[in-house]
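This report covers confidence, the interface and aromatic pairing, in that order. The sequence and structure come first.

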Amino acid sequence: MSQSHLTLVHNSDAAPHDLPLSERGPAPVSNVVGYGFWLFLLSDIIIFAALFAAYAVLSGSTADGPGGAQIFDKDHVFLETLFLLASSVTCGFGGLAVQRNDLRPSIFWLVATFFLGACFLVLEVSEFASLVTSGDGPTKSAFLSAFFILVGTHGLHVSVGMLWLVVMLAQILTLGFKPMVRRRLFCFSLFWHALDIVWIGVFTIVYLGAHQ
Amino acid sequence: MSDLSEAQGQAPGVNEHSRPDGRSYLIGLAFALVLTTASFWASSSDLIYGPALPVLLAVLAIAQMGVHLVFFLHISSAPDQTNNFLALAFGIFVVGLIVFGSMLIMSNLNHAMVSMDQLMDMQR
């Protein structure tokens, strides 16, 4: 009994790379957490795939309302894209600062990420508001319903990410860089980068591929 | 014990040999900026042959997604990332199935559906 326990401990402690994968013992917690969160992100992206499919099918059904090319402003979208891209990079720098146990740079980069995400969200909400006030709300046509659902779901994800970021900042300030907090921050950065990847699909299919 | 907590704080698939640094994000940012600008430029310029535009935009978007996966999410085919990589491949498969499958079925359906005028004629 104690013999087998010892060998088990020995195996997982050493984690030698010359052993085959199946004999290296349990994976480190961070690997397991990262893998689980990665699976969640992929299933989240499958939700977006369903919304993209709905949009692709309905994008021509304008029901005598405006088409995409008439209501979308490409400069506006380009600015949104730049904000989201910059926030992805500041999030990455924040993650590196967390790995180095540097408190001030971590806080600085994560607050910058929050600020850039907020800029993105303000632009998106202003676009939605101007569409709705000019009478082109989601009830106007099947195309606009699909548009508001797809882009709105992405915006909802960004808002949830910003809420998560505030919680993580509070946890860094109160708990410090505990392994638990680091793992959560790592999951957050995966989430944030995945949202940026979804946005590439949104601006390509919805805004640039709009029907003329 | 300190070794254990150190290991737990590390990112999956990241060890001392391949720890990502700031350069990875800056390279990714440069690539992403070039690709984004290219697709916005292509969509509003007259230089690109119209019917080829969707293909060009799709290529640019897929390239940029690849850049984000490699430089931001640090997905690689390293041995300790086999599971992540396999899950990603399956995810791409399902996404393709949903998007292209729906478009194919709906376009077939539109094609096969009797139009309103013909329907009126039949009822007479």
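pLDDT is the predictor's confidence in each residue, from 0 to 100. It applies here because this is a predicted model.

**Confidence**

The two chains score as follows.

| Chain | Mean pLDDT | Residues with pLDDT of at least 70 |
|---|---|---|
| Chain A | 88 | 91% |
| Chain B | 82 | 83% |

Chain B is uneven. Among its elements, α3(B) has the highest mean pLDDT, 94, and α1(B) the lowest, 40. Residues 1–18 of chain B have a pLDDT below 50. That stretch still makes 24 contacts in the model beyond near neighbours in sequence.

Chain A has its own low-scoring stretch. Over residues 1–14 of chain A, pLDDT stays under 50. The model gives these residues 6 contacts beyond four places in sequence.

For the complex, the predictor reports an ipTM of 0.84 and a pTM of 0.84.

**Interface**

How many residues of each chain are in contact with the other? Chain B contributes 44 and chain A contributes 41.

Interface size is often quoted as the accessible area lost when the parts come together. Between chain B and chain A, the buried area is about 3,900 Å². Carbon and sulfur atoms give 79% of that area.

Salt bridges between chain B and chain A number 0. Polar contacts across the interface come to 2 residue pairs, with both residues of a pair at pLDDT 80 or more.

Which helices of chain B supply at least two residues each to the side that touches chain A? They are α1 (2–8), α2 (22–44), α3 (53–72) and α4 (82–112). By residue class, this side of chain B divides into 25 nonpolar, 17 polar and 2 charged. One of the contributing helices, α1 of chain B, is the element with the lowest mean pLDDT in that chain.

**Aromatic pairs**

Over all chains, the count is 23 aromatic pairs. One of them joins Phe37(A) and Phe40(A). Their ring centres lie 5.4 Å apart, and the planes meet at 45°, a tilted arrangement. Both residues belong to helix α2 (residues 29–58) of chain A. Phe37(A) and Phe40(A) are separated by about one helical turn because they sit 3 residues apart in that helix.

Notes:
Residues are numbered from 1 along each chain as its sequence is written. Chains are lettered from A and ligands numbered from 1 in the order in which they are written. This is a predicted model: local features need pLDDT of at least 70, side-chain atom pairs count only at pLDDT 80 or more; totals for chains, interfaces and linings use all residues. Side-chain values use heavy atoms; hydrogens and water are left out. Contact means heavy atoms within 4.5 Å. Buried area is the accessible area (1.4 Å probe) that two parts lose on being put together, summed over both. A salt bridge is a side-chain nitrogen of Lys or Arg within 4 Å of a carboxyl oxygen of Asp or Glu. A polar contact is a pair of N or O atoms within 3.5 Å; within protein, one must be able to donate a hydrogen and the other to accept it, and residues adjacent in sequence count only if both atoms are side-chain atoms. Helices (H or I, at least four residues) and strands (E, at least two) are DSSP runs, numbered from the N terminus. Ala, Val, Leu, Ile, Met, Phe, Trp, Tyr, Cys and Pro count as nonpolar, Asp, Glu, Lys and Arg as charged, and the others, Gly among them, as polar. Rings of Phe, Tyr and Trp (its six-membered ring) pair if their centres lie within 6.5 Å; planes under 30 degrees apart count as stacked, over 60 as edge-to-face and the rest as tilted.
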